[in-house]
Amino acid sequence: MSLNIVHNGLLTRKKYIQLLDPNLELDNVTRDARFFSTFNAGYLPATLRANFYMYLNNYTKLNSQISKFDLNINPMCSLCIANNIANPENESLRHFITNCVPFDNYITPIYNILVPNSSLLEKKIIFCLGFDTPNNSYNILGNTCTLLLFNYILFRRRSKFIAQPEQTRDFILSHLDMLQSNSIAT
Ligand SMILES: [Zn+2]
């Protein structure tokens, strides 16, 4: 896929953010190209990169879609169910971004480290559109963390295990440690 275009995956992720604040100006194709390039990071396991590629293109299938062809699947949000949220909405990326308290609790600890004092909306913009700072090394680090965070949320939704915020952080930090030792070894 050519990176320097406005594609459906980007439009969908932008749409979720604009549901939270319709007045935000979010036309930044360069930012998305940089976000997309995280998928090519050879130092990350292929499965994690493939999951992230699906996310960026809006191909990730969650319960609301899976339940349409598998009647054994409950369409409701796995994260809300695991956290005993009353009357959960159907599980979709739109729900995660716009109205899922457990999702907010997953993303908050890691972005509090990367972008201290950021609002929840700012965290969600980073999750949906990638990092956009003048320091490209920092953008790469931040986008790698978002890739790991997305995978962590995918793993957690498949289990009934309720993760605490510290466990989200530990998952990401332990992968970053592994990447660092791999790059030193090569
Ligand atoms: Zn939910």
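Which residues does isoleucine 107 touch, leaving aside those up to four places away in sequence? In this predicted model, the answer is Lys123, Phe127 and Leu149. Ile107 also turns up in a wider setting, the largest nonpolar core, which has 34 residues. Along with Phe52, Phe103, Leu148 and Leu149, Ile107 is among the residues that touch the most other members of that core. Two or more core residues come from each of α2 (29-37), α3 (46-56), α5 (78-82), α6 (93-99), α7 (101-114), α8 (120-129) and α9 (136-157). The top contributor is α9, which puts in 7 residues. As a general point, nonpolar side chains in soluble globular proteins tend to be buried together.

Next comes the pairing of α3 with α9. Their axes come within 9 Å and cross at roughly 90°, which means that α3 sits roughly perpendicular to α9. On the α3 side, the meeting residues are Leu48, Asn51, Phe52 and Tyr55; α9 answers with Leu147, Leu148, Phe150, Asn151 and Leu154. Sorted by type, the residues of this contact come out as 7 nonpolar and 2 polar, with no charged ones. Phe52 and Leu148 thus appear here as well as among the core members with the most contacts.

As for α8, its buried residues are Lys124, Ile125, Ile126, Phe127, Cys128 and Leu129. These pack against α1 (8-20), α2, α6, α7 and α9. Phe127, one of this buried set, is also one of the residues touched by Ile107. Just past the end of α8, glycine 130 adopts a positive phi of about 90°.

Terms used
Residues are numbered from 1 along each chain as its sequence is written. This is a predicted model: local features need pLDDT of at least 70, side-chain atom pairs count only at pLDDT 80 or more; totals for chains, interfaces and linings use all residues. A nonpolar core is a set of buried Ala, Val, Leu, Ile, Met, Phe, Trp, Tyr and Cys residues joined through C-beta atoms within 7 Å. A residue is buried if 20 or more other C-beta atoms lie within 10 Å of its own, exposed if 12 or fewer, and partly exposed in between; C-beta atoms are placed from the backbone. Helices (H or I, at least four residues) and strands (E, at least two) are DSSP runs, numbered from the N terminus. Two residues are in contact if their C-beta atoms, placed from the backbone, lie within 7 Å. Axes are lines fitted to C-alpha atoms, for helices over the stretch in contact, and angles run from 0 to 180 degrees between N-to-C directions. Angles under 35 degrees count as roughly parallel, over 145 as roughly antiparallel, 65 to 115 as roughly perpendicular and the rest as oblique. Ala, Val, Leu, Ile, Met, Phe, Trp, Tyr, Cys and Pro count as nonpolar, Asp, Glu, Lys and Arg as charged, and the others, Gly among them, as polar.
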